[in-house]
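This report describes the fold, the aromatic pairs and the unusual backbone geometry of one protein chain. The sequence and structure are shown first.

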Amino acid sequence: MNAFEELSPDALRSGRADALDDAVATALAAHPLDGVETEYPHYRGAVEGPEAPPPPSEDHPVFYGCFDWHSAVHSHWALVRALRLVPHHPDEADIAAGIDERLAPESVASEAAYLDENPGFEEPYGWAWLLRLAAELDLWDDPRADAWRETLRPLEGRVREGVRESFLGIDRAHRVGTHGNTAFALAGVLDYARVVGDADLEREAAAAARRLYADDTAAVVGAEPVGWDFVSPALTEADLMRRVLDPDPFASWLDDFLPDLAAPPHDALCSPVDVEPDEGDGAAIHLIGLNVSRAWCLAGLADALDGRDGPAADRLREPLDDAARRHAEAGAADVLTDDYAGSHWLSSFALYLLTRNEGGVAPGAA
């Protein structure tokens, strides 16, 4: 039994770093530490020409590990966040030395140049995580974070520019449970903008969210989950809108969006997905992540209704809170798998759930 699995549903649901003792901190850092240096197997996610592709570390000298670029990015986010939230982290020296080595100015310049040559690469999911990494460095009051943030700025600026030029103006939301989910990426952009104080980007991201989602009612959840889903389209949308709407309008919006959590089809969002992963079963591994991401969405929604009066808040708060605990417990049972299909990314999701109230995730409403 791993240290993370031993945490209580209350500790998992609270989103506070108190649960990050040395054993839990070590468990959550183990896979990211290994993964960021693991170049193969690697999924490139780009169209190749007739020549043999260069090794991943040539195109991506910073984010070459963890099977794919976005997982390498959010594994770095997880490692930086762990250092910020766990003073004297057991793996502090190894984490810092690795980031120092990879996050060199010439390496970041190569990453930015690759995006110039491949403008849609990792849009929007990887972009959102890159901005979360920059925000995490901004949150951490430490000379190392200041130096790493300064080094990362060219890539951060390139991604921020791409977000403005091609993402925020999309005509329709992608309501999927995988990397193309628009709401998940918008939440990352909005959180970043608020952390770093980019008022223009915050305003533009919030406007995009309202344009795409404010009129939605009666979420279509009957098909969830589908195949390789690792986020819930319905809950991820609601998790975005709690960032955008003031508390009372949000409660009203959520009441229309999830009209009955006690009856089909919406009650399906309250029950964790059954997962029986076999070695190498990537689809089942994604469902582990789905339970974890559902947990943080459900907990965030319950928190957004806390202290609200009215029938909507009264009806939704308790079932959302109960469902958050059940999903957190289900996710914890499997999230730290040693199967590389999951180990290259799931620890980041576990840390997001466990520390969601420690800054950088939905810091305030518009």
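## Backbone, fold and aromatic core

Pro 265 is located in the loop between helix H12 (247-257) and helix H13 (282-305). A cis peptide bond, with omega about 0°, joins this residue to Pro 264. The model is a predicted one, in which local features need pLDDT of at least 70 and side-chain atom pairs count only at pLDDT 80 or more, while totals for chains, interfaces and linings use all residues. Residues are numbered from 1 along each chain as its sequence is written, and side-chain values use heavy atoms, with hydrogens and water left out.

A second cis peptide bond runs from Glu 224 to Pro 225, with omega near -10°. Pro 225 is placed in the loop between H10 and H11. Most residues other than glycine have a negative phi, and most peptide bonds are trans. Two non-glycine residues with positive phi are listed below; buried means under 20% relative accessible area, exposed over 50%, and partly exposed in between (1.4 Å probe, protein chains only).

| Residue | Phi | Loop | Relative accessible area |
|---|---|---|---|
| His 88 | about 60° | between helix H4 (69-85) and helix H5 (92-102) | 70%, exposed |
| Glu 122 | about 65° | between helix H6 (105-117) and H7 | 16%, buried |

The protein chain has 16 helices and 0 strands; helices (H or I, at least four residues) and strands (E, at least two) are DSSP runs, numbered from the N terminus. For 366 residues, a compact globule would have a radius of gyration near 21 Å, and the 19 Å of the protein chain agrees with this. That radius is taken over C-alpha atoms, and the globule rule is 2.2 Å times the number of residues to the power 0.38. Along the principal axes, the C-alpha atoms fill a box of roughly 55 × 45 × 45 Å. Of the 366 residues, 57% are buried. Among contacts (heavy atoms within 4.5 Å) with a separation of 6 or more, 78% are between residues 24 or more positions apart.

The structure holds 19 aromatic pairs. Rings of Phe, Tyr and Trp (its six-membered ring) pair if their centres lie within 6.5 Å; planes under 30 degrees apart count as stacked, over 60 as edge-to-face and the rest as tilted. The rings of Trp 129 and Tyr 352 are edge-to-face, because their centres are 6.4 Å apart and their planes stand at 80°. Trp 129 belongs to helix H7 (residues 125-139) and Tyr 352 to helix H16 (residues 346-354), so this pair ties together parts 223 residues apart in sequence. Trp 129 is buried at a relative accessible area of 0%, and Tyr 352 is buried at 3%.

Phe 230 and Phe 349 also form an edge-to-face pair, with ring centres 6.0 Å apart and planes at 65°. This pair links distant parts of the chain, 119 residues apart: Phe 230 is in the loop between helix H10 (199-213) and helix H11 (233-244), and Phe 349 is in helix H16. Phe 230 counts as buried at 2% relative accessibility, and Phe 349 is buried at 0%. These four residues belong to one aromatic cluster that also includes Trp 77, Tyr 125, Phe 184, Trp 296 and Trp 345.

Helix H16 is mostly covered, with 9 of its 9 residues buried.
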